[in-house]
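Here's a quick briefing to read alongside the structure. It walks through a few backbone and sheet features worth finding in your viewer.

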Amino acid sequence: MNITNLFKIALKALANNKMRGFLTMLGIIIGVASVITMLAIGQGSKKSIQSQISEMGSNMIMIQPGADMRGGVRQSASAMETLKLIDYRNIVDETRFQAAVSPTVNSSGQVIYGANNKPGTIYGVNQDYLEIRRYSVNDGSMFTEQDIASAAKVCVVGKTVVDELFTNGENPVGKVIRFNKIPFTIIGVLTGKGYNSMGMDQDDVILAPFTTIQKRVLAITHLQGINASAIKEEYTQQAIDEITEILRRNHKLKAEDDDDFTIRSMEELSSMMTSTMNLLTILLASVAGISLLVGGIGIMNIMYVSVTERTREIGLRMSIGARGIDILSQFLIESILISVTGGLIGVVFGVIMALLIKFGANFPIYIQSWSIILSFGVCTLTGIFFGWYPAKKAAQLDPIEAIRFE
Amino acid sequence: MKEIIRLEHIGRDFHVGDEVVHALRDVSFSISEGEFVTIMGTSGSGKSTLLNTLGCLDTPTRGEYYLDGTPVRTMGKNARATLRNRKIGFVFQSYNLLPKTTAIENVELPLIYNPAVSAPARKQKAIESLKAVGLGDRLNHKSNQMSGGQMQRVAIARALVNDPAVILADEATGNLDTRTSYDILILFQRLHAQGRTIIFVTHNSDISLFSSRNILLKDGRIVADTTNENIRSATDALAKLPVEND
């Protein structure tokens, strides 16, 4: 019996029970479509988070004073003053793995321009900060080494700050804003970056020389943090080790002492986020996979009914010369046909659904070709797996009994 | 005459629980080409078992069965399936046509399992076969659009399509009224006249009047094997039936 005839027979059998075939297929359609959609959502979220992290600077390293704990005891605020300017200087002087290093001190307060005001944070940094955080100056210019040395009252502002303070559309460069009563002259405006993955507005920033913030705003001599940027993402770990070494030496820590600073890298964050998203994807896909499994059981169920219903037909076919393998292939092809057709429709539905979510709900969606191949492959295997047993049962029928089956 | 069927000391035992049922005990006979044999017996006589054996659906416990010269007893399942496909035409009591399927497609069925026959040849043979049973005008009728007599004709056409060595009919008139039964017997007699070998298994002794030879089974043994010298014509029998006016 050749394959063309087998397909004809299977198609005819399905055509004889259109509604039943369709309902069985529906299980597979829903299963495959949901696997594809769920994977697309999972992969889309992962991809969007990854791109946002890399926008924030994926090789960024953040150094903060004070370990979270020391010997199991949460440290007091005084322990948080461990980072000094000398630490920053030494890192800059000795580094081999950092492309840029910037001290950070920041202060929150009300920013006022004319009749407008808004709450904001002013970040005391150096010029390297732009490179570390992937900012760029759109209008005007960044403050200089000279400004840092003289603790000049100048600042560079983000787009959100401009939008909220300069409501009548005037050019902010050269204007003076006041932060906690201290006047700052705007010398530059940053290019907009939008929101990051944590929902923070990256344009709601005011950058000023760190010396200005230390002396004129906070009146402190220590640093609240140091931000650095490894020369490449792959060198993040070496960069962290290097900083650790310098800081431990500077802080005269003994071998058995814990670090009195904390170093976090974006890579760490990025891998944490990625693994979270992977987990989410697996979770979504397995829920969808269960529906595919249920669809497969539907096929098995209906094939059983079909075999029982067509016992006489099987008996007849056998008595006129069908071998066991002919009967087996006939029913197997029928179930594969159901699952493959269902799978194809499911792929189309899944892609349409993913696109609807993308354009309708504005959700990040990423359809990977492997997710389509995977779900389609799984569904074909489902057809074979769940069709096998009923088909085997049909092939093993005794023609003498089958032909007289009532 | 060429010998189509030879049974040598055929025995068939069934195990029912602890008991052994001897369905056939030492059955021996042979059938030559062109014979129209009725095998008769009451239920329990072993005629179904004999039919299954002759049809290569079942294998005997003892003895040997030669179909067209081929020993069947030691054959495997698949080999027997192929042998059935090439050598035997089955006609069943309840027709066993595929539902919602046209006459041609039903008749084509045995040839589908013969890779040597191409699709166009298959259709051609099916049409010829249907014409031979007088259904040339019902080629594309579906099985549910036909009467019992017509369905049995399609079944006979299906049995003829592979040009079998022997046609095995199992109570082929059992589901039909008298008039239609005679129609079918006329067809069988015509096939017989064309030189076909036919074995008709039945419990209805009337059928034996129309065949050339009768074998009577009782308790798994042959109790009579007679040649019918005076074959009754089914055409005459039909003509003598009182005309129904209702």
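Let's start with E171(B), which is partly exposed, since 19 other C-beta atoms lie within 10 Å and a residue needs 20 or more to count as buried. Keep in mind that this is a predicted model.

**Two loop residues with positive phi**

- As background, most residues other than glycine have a negative phi.
- E171(B) goes the other way: its phi is positive, near 50°, and it isn't a glycine.
- You'll find E171(B) in the loop that runs between β7 (166-170) and α6 (178-193) of chain B.
- D219(B) also has a positive phi, near 50°, and is a residue other than glycine.
- Look for D219(B) in the loop between β9 (213-218) and β10 (221-227) of chain B.
- D219(B) is partly exposed because it has 14 other C-beta atoms within 10 Å, between the exposed limit of 12 or fewer and the buried limit of 20 or more.

**The sheet in chain B**

- Six strands of chain B make an open sheet with mixed pairing, in the order β6-β7-β8-β3-β9-β10.
- At the edges sit β6 (88-91) and β10 of chain B, each pairing on one side only.
- From one strand to the next, the twist averages 15°.
- β6(B) and β7(B) run parallel and are joined by four bridges.
- Across from I88(B) you'll see V166(B), which is in β7(B).

**Domains of chain A**

- Chain A splits into domain 1 (3-52 + 272-403) and domain 2 (83-250).
- Taken over C-alpha atoms, the centres of domain 1 of chain A and domain 2 of chain A are 56 Å apart.

Definitions and conventions
Residues numbered from 1 in each chain as written. Chains lettered and ligands numbered in written order. Predicted model: local features only at pLDDT ≥ 70, side-chain atom pairs only at ≥ 80, totals over all residues. Domains from an automatic or database assignment. Helix = DSSP H or I, 4+ residues; strand = E, 2+ residues; numbered from the N terminus. Pairing = 2+ DSSP bridges. Axes fitted to C-alpha atoms, helices over the stretch in contact; angles between N-to-C directions.
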